[in-house]
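The following exercises concern strand pairing, a buried acidic residue, backbone angles and a chain interface. Each task is followed by a solution in steps.

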Amino acid sequence: MTLKSFALAAAMGLLASTAWAETKIGMITTLSGGGAGLGIDVRDGFMLAIAQSGRDDIEVVIEDDQRKPDIAVQLTDKMIQSEKVDILTGIIWSNLAMAVVPAATAQGKFYLSPNAGPSALAGRGCHENYFNVAWQNDNLHEAAGAYANTVGHANSFILAPNYPAGKDALTGYKRFYEGELAGELYTELGQTDYAAEIAQIRASGADSVFFFLPGGMGISFLKQYADSGVDLPVIGPAFSFDQGILQAVGPAALGVVNTSQWNKDLDNPTNAAFVESFAAEYGRLPSLYASQGFDTANLLLSALEVADVSDADAFRDALRAANFDSTRGDFEFGPNHHPVQDIYAREVVQEGDVFTNRLIGVALTDRADAYAADCKM
Amino acid sequence: MSLILIIEQILNGVQFGVMLFLMASGLTLIFGVMGLINLAHGSLYMVGAFAAAGVAASSGSFLLALMAAMAAAAMAGVIMEMIVIRRLYDRDHLEQVLATFALILVFSEGTRFVFGSFPLFLDVPGVLSGPITLPGGIQYPLYRLVLIAVGLSVALGLGLFISKTRVGIQIRAGENDREMIAALGVDIAKLYTLVFALGAALAGLAGALVGAIQSVQIGMGEPILILAFVVIVIGGIGSIRGALIGSLLVGLTDTLGGIFLPELFKFFVAPDVAQTVGSALASMAIYVLMACVLIWRPTGLFGARA
């Protein structure tokens with residue numbers, strides 16, 4: 001061995017050893033296209049927690065999946081094979097999660113979901129290395145159904161887009177809702193005009209409307225609904241009422257009740273500090289997605305305090321303990337590594353010229369999910 | 001199913017149709033006159049909506065917002081034509097599709113760069129908001145009626161412009177034989193830019209008008225672009241009248257199909273199955289319509305050439 005190649009080998013050994021000491025996290029999330037607001041909030045919340053921890057031995061590699069399952073899969077391969085990340089996180093959409101999570105956990109990686117919680121991964125498809133820090137997809141809809149009972153709605157018209165999460169939504173609502181259904185509709189995914197559906201709602205004789213139309217679909221629906229003259233009370237999950245899109249809906253959303261596991265006025269010190277520091281850092285109010293990103297990073301940090309990722313069993317136990325201060329107050333995992341948490345009812349209000357949400361009560365207490373029993377780890 | 005509901009749905013279909021017309025008329029002119037497939041037409045729709053939202057937020061005037069939308073879209077169209085499109089007229093359709101697809105990405109990320117990733121707020125102006133009661137007790141949003149009126153008057157104006165004015169005659173001549181019209185001393189490059197700006201302004205107007213009842217967000221133009229292509233194939237490429245008839249057909253088929261097909265199937269199968277099968281068929285209805293029209297008239301309803 002010549003001196004030169006010896007030096008090279010030594011340098012490479014040094015590089016390898018520094019890489020060993022660092023924890024590498026791969027974040028694949030949606031940063032461009034129509035759904036970018038959600039991914040950006042998750043990323044910003046996550047990175048805020050990493051920055052606040054002051055740890056410089058954590059490297060986060062961030063990539064944009066463009067909301068496309070094929071790109072998410074490619075990025076996952078790249079993250080695992082060439083970036084050699086230890087932990088993956090970031091995916092927003094359930095269809096992308098289904099394409100990525102089983103493959104990643106099968107290769108022994110940890111996956112922490114900051115958003116998507118498809119039923120398939122909560123039940124039979126659960127995995128010891130998969131943790132969901134947000135909710136199981138049905139949860140917020142279940143809470144909406146429970147809330148509808150408490151305010152005495154007895155004849156709901158329900159609608160959602162025709163795709164897996166839309167079906168989960170209506171299933172979730174009906175699981176807790178005890179009244180009659182005036183109508184049940186599946187709309188097209190990405191539909192922008194709801195005049196036809198609103199006419200059916202008007203003709204149906206319903207006493208309330210439940211809808212799950214995330215993102216731009218919800219903006220369109222609410223504006224058109226407000227303009228149509230139909231004045232039945234509306235309930236929905238937080239996805240159409242998050243901080244990012246409320247400003248685009250405007251006054252049309254005022255007074256609408258929606259269900260969420262988090263709100264910015266949840267009374268605990270972690271949340272108060274989070275809301276303040278997020279607003280100071282990014283110049284906007286955090287959304288529930290930002291809180292989920294923040295909680296995901298803090299869960300991860302709490303586990304890294306206790307165990308190294310290379311010791312998978314110890315690290316997994318540390319994650320399962322969920323020994324961190326959540327923005328939601330109490331937080332713990334159920335047997336299928338999905339949260340057991342309170343889900344609140346919120347109301348859209350106007351503060352100054354900003355539209356935001358105010359807590360009005362608890363819709364479901366310590367709710368786990370309907371699929372935990374099917375999970376065998 | 002009451003008569004009131006049926007009439008309301010027909011109005012919805014017509015309203016959807018005339019908005020489609022604003023998109024499709026520009027697309028069909030550009031396709032017919034220049035032989036160019038412009039996938040980025042939906043981006044001009046988005047530019048219009050964002051410009052309107054920006055101006056409405058700062059000035060508070062919806063009318064000013066509409067003018068800004070048309071101006072911004074026309075300007076974006078002219079810049080796009082001069083820098084990129086002009087080089088594509090002699091190329092084949094595949095290269096045009098590739099280049100204009102790239103333009104979609106450029107416009108999307110450019111809009112994000114300027115306006116951020118979150119949807120913008122654009123609302124119906126106060127005087128036009130809320131429902132009015134039509135004869136027969138039908139409650140219908142005033143704004144949607146105004147959309148129908150605006151769309152139909154644009155259609156009329158455009159029809160007169162194409163058939164009666166000198167520029168309109170040149171446009172029609174350019175459609176038929178571009179070498180001959182160039183030989184007759186018409187500045188064909190200027191004519192192309194003008195047609196492109198006109199098409200872009202109409203797309204921008206549609207974006208602003210529709211943005212007020214939908215969401216002003218990145219990527220909002222692409223779904224409607226596909227429908228606009230269906231419209232011009234049905235109506236016949238290059239024909240304004242074809243675009244109008246095609247738009248109304250597609251608007252009505254899409255809206256009424258979504259309502260009545262599930263109801264129809266309920267006579268034969270269980271309600272939940274009817275709902276699933278009916279909605280699935282309804283989303284195919286406009287393509288079935290397109291296929292039928294093409295079998296009957298391969299050049300479209302009013303198309304002169306294939």
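Which residue in strand 12 of chain A stands opposite A:S260? A:S260 stands opposite A:Y344.

The model is predicted: local features need pLDDT of at least 70, side-chain atom pairs count only at pLDDT 80 or more, and totals for chains, interfaces and linings use all residues. Residues are numbered from 1 along each chain as its sequence is written, chains are lettered from A and ligands numbered from 1 in the order in which they are written, and side-chain values use heavy atoms, with hydrogens and water left out.

**Exercise 1. Describe the pairing of strand 12 of chain A and the turns beside it.**

Step 1. Fix the terms: strands are DSSP runs (E, at least two residues), as helices are (H or I, at least four), numbered from the N terminus. Two strands pair if DSSP finds at least two bridges between them.

Step 2. Take the partners in turn. Strand 10 (residues 257–260) of chain A runs antiparallel to strand 12 of chain A, with 4 bridges. Strand 11 of chain A is also antiparallel to strand 12 of chain A, over 2 bridges, and there A:F333 has A:P339 as its bridge partner. Strand 13 (residues 354–367) of chain A is joined to strand 12 of chain A by 10 bridges, again antiparallel; A:R346 is partnered by A:L359.

Step 3. Inspect the hairpins. Between strands 11 and 12 of chain A there are 5 residues, and A:H337 takes a positive phi near 65 degrees. A:H337 is not a glycine, and it is buried at 1% relative accessibility (buried means under 20% relative accessible area, exposed over 50%, partly exposed in between; 1.4 Å probe, protein chains only). The hairpin of strands 12 and 13 of chain A has 2 residues between the strands, with A:G352 at a positive phi near 65 degrees.

**Exercise 2. Account for the surroundings of A:D64.**

Step 1. Locate the residue: A:D64 lies in strand 2 (residues 58–64) of chain A.

Step 2. Test for a salt bridge, that is, a side-chain nitrogen of Lys or Arg within 4 Å of a carboxyl oxygen of Asp or Glu. A:D64 is buried yet has none; B:R112, the nearest side chain of opposite charge, is 6.6 Å away (Lys and Arg count as positive, Asp and Glu as negative; His and the chain ends are not counted).

Step 3. Look for backbone partners. A polar atom of the A:D64 side chain lies 2.9 Å from the backbone nitrogen of A:L31 and 2.8 Å from that of A:Q66.

Step 4. Examine A:Q66. This residue sits in the loop between strand 2 and helix 3 (69–81) of chain A, has a positive phi near 55 degrees, and is partly exposed at 33%.

**Exercise 3. Characterise the interface of chains A and B.**

Step 1. Count the residues: 33 of chain B are in contact with 36 of chain A, contact being heavy atoms within 4.5 Å.

Step 2. State the area. About 2,700 Å² is buried, of which carbon and sulfur atoms give 53% (accessible area, 1.4 Å probe, that two parts lose on being put together, summed over both). In chain B, B:F118, B:F121 and B:Q214 lose the most, together 22% of what that side buries.

Step 3. List the charged pairs. The interface has 2 salt bridges; A:D193 and B:R144 meet in a salt bridge at 3.1 Å, N to O.

Step 4. Identify the leading element of chain B. Helix 1 of chain B gives the most to the side touching chain A, with 5 residues.

Terms used. Polar contact = N/O pair within 3.5 Å; in protein donor to acceptor, adjacent residues only side chain to side chain.
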